Amino acid sequence: MRETHPQLHTAALRGGLEQAARALGFDAIGVSAIALPEDERRLQDWLARGWHGEMHYMARHGTKRSRPDELLPGTIRVISARMNYRASEAADPAAVLDDRALAYVSRYALGRDYHRVLRAALVRLAEALAELAGPHGYRVFVDSAPVLEKALARNAGLGWIGKHTNLIARDAGSWFFLGEIYTDLPLPTDAPASAHCGSCSACIPACPTGAIVAPYQLDARRCISYLTIELQGSIPEPLRHAVGNRIYGCDDCQLVCPWNKFARAASHPDFHVRHGLDAPRLAQLFGWSAAQFEQRMRGSAIYRLGYARWLRNIAVALGNAPRSPEVLHALQSRRDDADPLVREHVEWALAQHAAG
């Protein structure tokens with residue numbers, strides 16, 4: 001371990017680091033130690049319940065997720081950084097959800113892929129820290145390795161973990177991304193954030209599929225974000241109606257959270273709406289060719305979904321849409337799709353309209 005450097009504990013260093021963070025587009029930063037014993041226990045309990053579903057990577061790395069120094073030996077501090085993503089020009093989420101002929105895309109995915117944006121900024125922030133405090137061993141992460149990012153951010157004072165299991169900040173709600181710098185510099189740590197959900201539990205009944213089974217407990221297998229993004233195969237039929245018109249992710253638990261009245265608009269230009277994804281028509285998206293999906297979604301977080309699962313999700317939403325010539329024509333056009341996953345969901349959707 002490094003010897004403690006007096007200059008690491010100066011207000012000037014922290015001020016310089018925060019100034020660099022703001023210049024790079026971050027809205028807040030904090031520093032935490034690496035001990036996460038209670039969070040490790042909760043993670044192990046969650047995994048033992050099988051609530052991670054097909055997300056086998058959640059268990060694959062053992063305790064590296066909850067012990068930063070096992071993931072990157074020598075790590076003694078974690079710098080957590082927050083960047084707002086709410087696109088102020090986007091269509092009203094409630095209005096899109098209410099119009100079942102439209103497709104709802106989780107607000108974090110309306111712009112460019114946040115992984116690239118945050119990673120590049122974090123590397124530059126780590127370099128700025130080296131200029132301020134001297135060379136250090138570090139590694140940056142943005143959903144790219146086993147990291148308990150919400151627990152670390154809470155301990156760094158950036159917010160508390162709400163009953164829906166998302167991080168909430170008093171001054172920014174929950175519409176933000178998180179990224180981390182693991183470092184071997186003995187930086188002074190920030191005080192952990194205290195919780196402020198109180199008696200509010202609006203997020204629990206707001207979940208369309210009942211995935212929030214109790215305060216602070218999420219069964220990901222029922223979560224629409226899991227069903228439309230992580231799940232590789234068929235969406236379970238009993239949950240398809242509850243998916244509604246959500247074709248990529250779900251924001252319902254955040255939409256009802258009263259703290260989001262303090263949410264701030266994104267300042268980074270890459271998080272502006274692209275390709276009209278804030279309120280597109282389902283039938284129009286279903287008509288995209290593989291080449292169009294490739295061209296339009298490359299550079300988006302949606303791209304990793306792949307064309308077949310993109311169509312799978314839209315087929316379910318079309319099955320939940322009001323019956324119309326536009327909807328029926330869109331579904332009929334892919335009844336003989338080459339991919340069996342797509343065909344299965346198209347047949348289900350057509351059956352819903354036939355039954356209605």
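**Strand 2 and helix 15**

In this predicted model, Ser-32 has Val-78 of strand 2 as its bridge partner. That contact belongs to a wider pairing: strand 1 (residues 28-32) runs antiparallel to strand 2, with five bridges between them. Strand 2 also pairs with strand 7 (residues 176-183), again in the antiparallel sense, and here there are eight bridges. Within this second pairing, Met-83 sits opposite Phe-177 of strand 7.

So how much of strand 2 (residues 77-84) is buried? Eight of its eight residues are, so the strand is largely enclosed by the rest of the structure. It helps to split the strand by side. In a regular strand, side chains take turns pointing to one face of the sheet and then the other. On one side of strand 2 are Arg-77, Ile-79, Ala-81 and Met-83, and on the other are Val-78, Ser-80, Arg-82 and Asn-84. Both sets are buried, which leaves both faces covered.

Helix 15 (residues 325-332) is a two-sided affair. Its residues Val-327, Ala-330 and Leu-331 are buried. Looking down the helix axis, the buried residues fall within an arc of 95°, and that is why they can be said to line one face of helix 15. Turn to the other side of helix 15 and Pro-325 and His-329 are exposed. What, then, covers the buried residues of helix 15? The cover includes three other helices: helix 12 (282-286), helix 14 (307-320) and helix 16 (340-355).

Key:
Residues are numbered from 1 along each chain as its sequence is written. This is a predicted model: local features need pLDDT of at least 70, side-chain atom pairs count only at pLDDT 80 or more; totals for chains, interfaces and linings use all residues. Side-chain values use heavy atoms; hydrogens and water are left out. Buried means under 20% relative accessible area, exposed over 50%, partly exposed in between (1.4 Å probe, protein chains only). Helices (H or I, at least four residues) and strands (E, at least two) are DSSP runs, numbered from the N terminus. The arc is that of the directions from the helix axis to the C-beta atoms. Contact means heavy atoms within 4.5 Å. Two strands pair if DSSP finds at least two bridges between them.
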